[in-house]
Amino acid sequence: MKMHFCIPVSQQRSDALGGRYVLYSVHLDGFLFCRVRYSQLHGWNEQLRRVFGNCLPPFPPKYYLAMTTAMADERRDQLEQYLQNVTMDPNVLRSDVFVEFLKLAQLNTFDIATKKAYLDIFLPNEQSIRIEIITSDTAERVLEVVSHKIGLCRELLGYFGLFLIRFGKEGKLSVVKKLADFELPYVSLGSSEVENCKVGLRKWYMAPSLDSVLMDCRVAVDLLYMQAIQDIEKGWAKPTQAQRQKLEAFQKEDSQTKFLELAREVRHYGYLQLDPCTCDYPESGSGAVLSVGNNEISCCITLPDSQTQDIVFQMSRVKCWQVTFLGTLLDTDGPQRTLNQNLELRFQYSEDSCWQWFVIYTKQAFLLSSCLKKMISEKMVKLAAENTEMIEVPEQSKSKKYHIQQSQQKDYSSFLSRKSKIKIAKDDCVFGNIKEEDL
């Protein structure tokens with residue numbers, strides 16, 4: 001699946017010889033990730049091609065004459081598309097050429113030297129552990145160090161992730177973003193400019209039923225237990241009064257397994273709740289609190305007349321979605337490194353046998369998009385496991401089915417700048433048509 005890379009702005013700079021060049025501000029999940037020149041990206045593409053050949057997406061061509069404004073905008077758009085498309089191949093994402101270039105770009109952009117450092121990782125009970133790292137360690141590497149320190153089974157690492165989390169007043173908690181495997185947590189934390197932001201460890205799956213995979217690991221159960229308690233205390237998970245009394249009894253007995261078994265029956269258990277935002281449904285300007293998980297988007301909507309309404313959107317009826325940047329970003333070397341002030345996520349949904357667009361205005365639009373992609377990937381893995389009998393079909397049938405799957409491989413999410421027109425493309429992918437090869 002595509003990463004949320006975008007290049008909303010670029011700048012002209014002067015080099016030491018008085019020449020001019022363009023510096024592109026690459027954002028990941030709405031936050032400034034690095035600033036790079038075309039020549040750097042071109043050299044990186046050449047390195048990737050030596051490893052992966054012509055399976056890579058096309059790279060914008062060189063211009064040997066001065067670029068017009070239109071040409072410069074076109075190149076910026078093409079570089080953005082390249083970054084998004086090249087990340088669709090998991091083999092590229094895991095390659096040393098891919099990771100090492102982005103590591104160096106992120107370090108150089110924020111002028112961080114490679115050295116030993118300490119990083120505090122906050123657990124779901126809001127206590128922290130301090131680990132020794134190298135500033136150039138990726139999130140994947142940091143997660144390995146954390147798991148070793150707390151004794152988490154290595155084979156379960158894929159069920160957890162590192163997040164930037166903002167701890168607000170009165171115990172409020174807000175998930176800012178999921179750190180990508182190749183991202184440098186030390187650098188991303190220091191450059192986020194989010195007040196009271198910390199690196200936190202949380203489970204990273206949206207289907208509560210996946211808890212069962214972790215129940216044989218004591219440390220994993222401890223983490224699930226901590227997060228369940230935290231989510232209930234923060235109001236993200238919403239037990240009934242009877243459920244709350246039983247949960248409190250299990251908590252006093254320190255019966256973690258029974259606690260988690262009951263917790264899985266609690267409304268919105270395992271969901272990620274976003275900060276209050278606004279939406280255009282059922283009318284423009286409606287306030288909303290979104291909880292995402294278990295193949296649905298659950299919305300508690302407050303109407304302008306202060307009445308509330310609960311609405312649930314099932315992922316099986318979502319056709320596609322896109323994140324759009326609505327504002328103007330004046331990119332400088334100083335503040336305003338994020339895009340999250342003016343973002344919207346709109347998704348196309350089947351209701352009463354017709355497709356409608358629903359719009360959510362939230363600074364966590366990229367996080368919401370990541371959750372939607374995660375739910376789809378989990379659904380596809382589950383479907384693949386349930387349909388393993390497809391492997392046993394005759395060769396002729398296998399060939400035909402492979403052809404159909406290839407023809408249905410389409411992207412279903414995108415990032416648009418304000419100037420882009422929103423259009424309903426005929427080839428937008430339906431949820432049911434997304435195949436395992438897309439993941």
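**View 1. Helix 1 crosses helix 4 with right-handed geometry.** A crossing is right-handed if the near helix is turned clockwise from the far one by less than a right angle, and left-handed if anticlockwise. The model is predicted: local features need pLDDT of at least 70, side-chain atom pairs count only at pLDDT 80 or more, and totals for chains, interfaces and linings use all residues. Residues are numbered from 1 along each chain as its sequence is written, and side-chain values use heavy atoms, with hydrogens and water left out. Helix 1 spans residues 38–52 and helix 4 residues 96–109. Their axes lie 9 Å apart, at an angle of about 160 degrees. The two helices are therefore roughly antiparallel (angle over 145 degrees). Axes are lines fitted to C-alpha atoms over the stretch in contact, and angles run from 0 to 180 degrees between N-to-C directions. Helices (H or I, at least four residues) and strands (E, at least two) are DSSP runs, numbered from the N terminus.

**View 2. Side chains between helix 1 and helix 4.** Helix 1 brings Gln-40, Leu-41, Trp-44, Gln-47, Leu-48 and Val-51 to the contact (heavy atoms within 4.5 Å). Helix 4 brings Val-97, Phe-98, Phe-101 and Leu-102. By class, eight of these residues are nonpolar, two are polar and none is charged. Ala, Val, Leu, Ile, Met, Phe, Trp, Tyr, Cys and Pro count as nonpolar, Asp, Glu, Lys and Arg as charged, and the others, Gly among them, as polar.

**View 3. Helix 1 packs against helix 2.** Helix 2 covers residues 69–86. The axes of helix 1 and helix 2 are 12 Å apart, and the angle is about 35 degrees. This crossing is left-handed. From helix 1 come Tyr-38, Leu-41, Trp-44, Asn-45 and Leu-48. They meet Arg-75, Leu-79, Tyr-82, Leu-83 and Val-86 of helix 2. The classes here are eight nonpolar, one polar and one charged.

**View 4. Tyr-21 in strand 2.** The strand runs over residues 20–28. Tyr-21 is buried (under 20% relative accessible area, 1.4 Å probe, protein chains only), with a value of 18%. Leaving out residues up to four places away in sequence, Tyr-21 touches Gln-11, Gln-12, Arg-13, Ser-14, Asp-15 and Arg-37. Arg-37 is 16 residues from Tyr-21 along the chain, and their C-alpha atoms are separated by 7.5 Å.

**View 5. A cis peptide bond joins Tyr-281 to Pro-282.** Omega is near 0 degrees. Pro-282 sits in the loop between strand 10 (277–279) and strand 11 (286–293).

**View 6. Positive phi at Glu-193.** Phi is near 60 degrees, in a residue other than glycine. Glu-193 belongs to the loop between helix 6 (185–191) and strand 8 (197–203). Glu-193 is partly exposed (between the 20% and 50% limits), at 45% relative accessible area.

**View 7. Positive phi at Ser-306.** Phi of Ser-306 is near 75 degrees. The residue lies in the loop between strand 12 (296–302) and strand 13 (308–314). Ser-306 is exposed (over 50%), with a relative accessible area of 60%.

How values were computed: Angles under 35 degrees count as roughly parallel, over 145 as roughly antiparallel, 65 to 115 as roughly perpendicular and the rest as oblique.
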